[in-house]
Amino acid sequence: MPAARPTRIPDQREGVDDATAAGTTVDHLTETYRAHYRSLLGLAALLLDDTASCEDVVQEAFIRVHSARKRVRDPEKTLAYLRQTVVNLSRSALRRRILGLKLLTKPMPDMASAEEGAYDQLEREALIKAMKGLQRRQREVLVLRYFSDMTEAQVAEMLGISLGSVKAYGSRGIAALRVAMEASA
């Protein structure tokens with residue numbers, strides 16, 4: 001007579017331990033949300049053109065990372081995974097848009113004076129207009145390199161392009177921004 005296999009009694013905490021056994025924990029993701037939400041929102045703002053879409057993209061990125069947290073095996077890579085998700089979702093949002101959408105301008109609540117706020121708004125609008133005039137890759141490289149303070153190697157890895165391409169896109173993007181900003185002045 002064959003030996004009977006012992007039956008396994010499921011542990012009540014099995015579902016909870018699965019999140020901690022492999023992948024990013026919910027607590028780590030919550031802490032990452034608290035620490036990096038605003039920087040990811042800023043990243044999305046430089047790639048998109050209105051606040052509501054930026055918030056939607058960042059929220060969707062956190063939802064997707066939360067759903068796939070078991071696949072993010074190294075908790076230290078959670079932020080990189082979130083950044084990449086924000087960039088990808090921003091690209092998708094731009095692809096779905098009609099070219100005729102205009103930038104929604106809203107007054108900044110923390111302005112020191114009307115004159116200073118008006119000057120800052122004009123400068124910001126000129127920069128955003130100049131950024132929109134860049135090629136997609138140039139804009140992505142400049143946003144990741146200078147807004148997110150990433151190294152050229154990190155930008156290359158995130159965008160899946162060579163280091164030389166990052167340097168070329170960055171150099172050409174800055175030159176194009178300089179020309180556009182001087183033309184608007």
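# An all-helical chain and its packing

Ser53 is found in helix 3. In this predicted model, Ser53 is buried, with a relative accessible area of 16%. Once neighbours within four places in sequence are set aside, Ser53 is in contact with Leu48 and Arg97. Helix 3 spans residues 51-67 and is one of the elements that give two or more residues to the largest nonpolar core.

The chain as a whole can now be set out. The protein chain has 8 helices and 0 strands, and its pattern along the sequence reads α-α-α-α-α-α-α-α. It has 185 residues, of which 32% count as buried. Among contacts with a separation of 6 or more, 66% are between residues 24 or more positions apart. The exposed area of the protein chain is about 12600 Å², and carbon and sulfur atoms supply 55% of that area.

The interior comes next. The largest nonpolar core has 34 residues, and Leu43, Val58, Val86 and Leu144 are the ones with the most contacts inside it. Two or more residues of this core come from each of helix 2 (26-47), helix 3 (51-67), helix 4 (78-96), helix 5 (114-132), helix 6 (136-147), helix 7 (152-159) and helix 8 (163-184). Helix 2 gives the largest share, 7 residues. Val58 can be followed outward from this core: apart from neighbours within four places in sequence, Val58 is in contact with Tyr37, Leu40, Leu41, Ala44 and Val86. By their numbers, Tyr37, Leu40, Leu41 and Ala44 fall in helix 2 (26-47), while Val86 falls in helix 4 (78-96).

Thr85 also lies in helix 4. Thr85 is buried, with a relative accessible area of 13%. With neighbours within four places in sequence left aside, the contacts of Thr85 are Ala61 and Val65. Both of these positions fall within helix 3 (51-67).

Between helix 3 and helix 4 runs a loop, and Val72 has its place there. Is Val72 buried or exposed? Val72 counts as buried because its relative accessible area is 4%, and the cut-off for buried is under 20%. Val72 and Thr25 are 47 residues apart in sequence, yet their C-alpha atoms are 9.5 Å apart in space.

Further along the chain, Ala130 lies in helix 5. Ala130 is buried, and its relative accessible area is 9%. Leaving aside neighbours within four places in sequence, Ala130 is in contact with Leu177, Ala180 and Met181. These three positions fall within helix 8 (163-184). A further pairing is that of Ala130 and Ser184, which are 54 residues apart in sequence and 8.9 Å apart in space, C-alpha to C-alpha.

Helix 8 also meets helix 6. How do their axes lie? The axes of helix 6 and helix 8 come within 8 Å and cross at roughly 95°. The two helices are therefore roughly perpendicular to each other. On the helix 6 side, the contact is made by Arg137, Gln138, Val141, Leu142 and Tyr146; on the helix 8 side, it is made by Val166, Tyr169, Gly170, Arg172, Gly173, Ile174 and Leu177. By class, this contact of helix 6 with helix 8 has 7 nonpolar, 3 polar and 2 charged residues. Leu177, listed here for helix 8, is also one of the contacts of Ala130.

The chain passes from helix 6 to helix 7 through a loop that holds Asp149. Asp149 is exposed, with a relative accessible area of 64%. Its backbone is also worth a look: phi of Asp149 is near 55°, a positive value in a residue other than glycine. Most residues other than glycine have a negative phi.

The last pair is helix 7 and helix 8. Their axes are 8 Å apart, and the two helices pack at an angle of about 105°. That angle makes helix 7 roughly perpendicular to helix 8. Glu152, Ala153, Val155 and Ala156 in helix 7 meet Leu163, Val166 and Lys167 in helix 8. By class, the contact of helix 7 with helix 8 has 5 nonpolar, no polar and 2 charged residues. Val166 of helix 8 takes part here, and Val166 is also listed in the contact of helix 8 with helix 6.

Note on methods
Residues are numbered from 1 along each chain as its sequence is written. This is a predicted model: local features need pLDDT of at least 70, side-chain atom pairs count only at pLDDT 80 or more; totals for chains, interfaces and linings use all residues. Side-chain values use heavy atoms; hydrogens and water are left out. Helices (H or I, at least four residues) and strands (E, at least two) are DSSP runs, numbered from the N terminus. Buried means under 20% relative accessible area, exposed over 50%, partly exposed in between (1.4 Å probe, protein chains only). Contact means heavy atoms within 4.5 Å. Accessible areas come from the Shrake-Rupley method with a 1.4 Å probe; for residues, only the protein chains shown count as cover. A nonpolar core is a set of buried Ala, Val, Leu, Ile, Met, Phe, Trp, Tyr and Cys residues joined through side-chain atoms within 4.5 Å. Axes are lines fitted to C-alpha atoms, for helices over the stretch in contact, and angles run from 0 to 180 degrees between N-to-C directions. Angles under 35 degrees count as roughly parallel, over 145 as roughly antiparallel, 65 to 115 as roughly perpendicular and the rest as oblique. Ala, Val, Leu, Ile, Met, Phe, Trp, Tyr, Cys and Pro count as nonpolar, Asp, Glu, Lys and Arg as charged, and the others, Gly among them, as polar.
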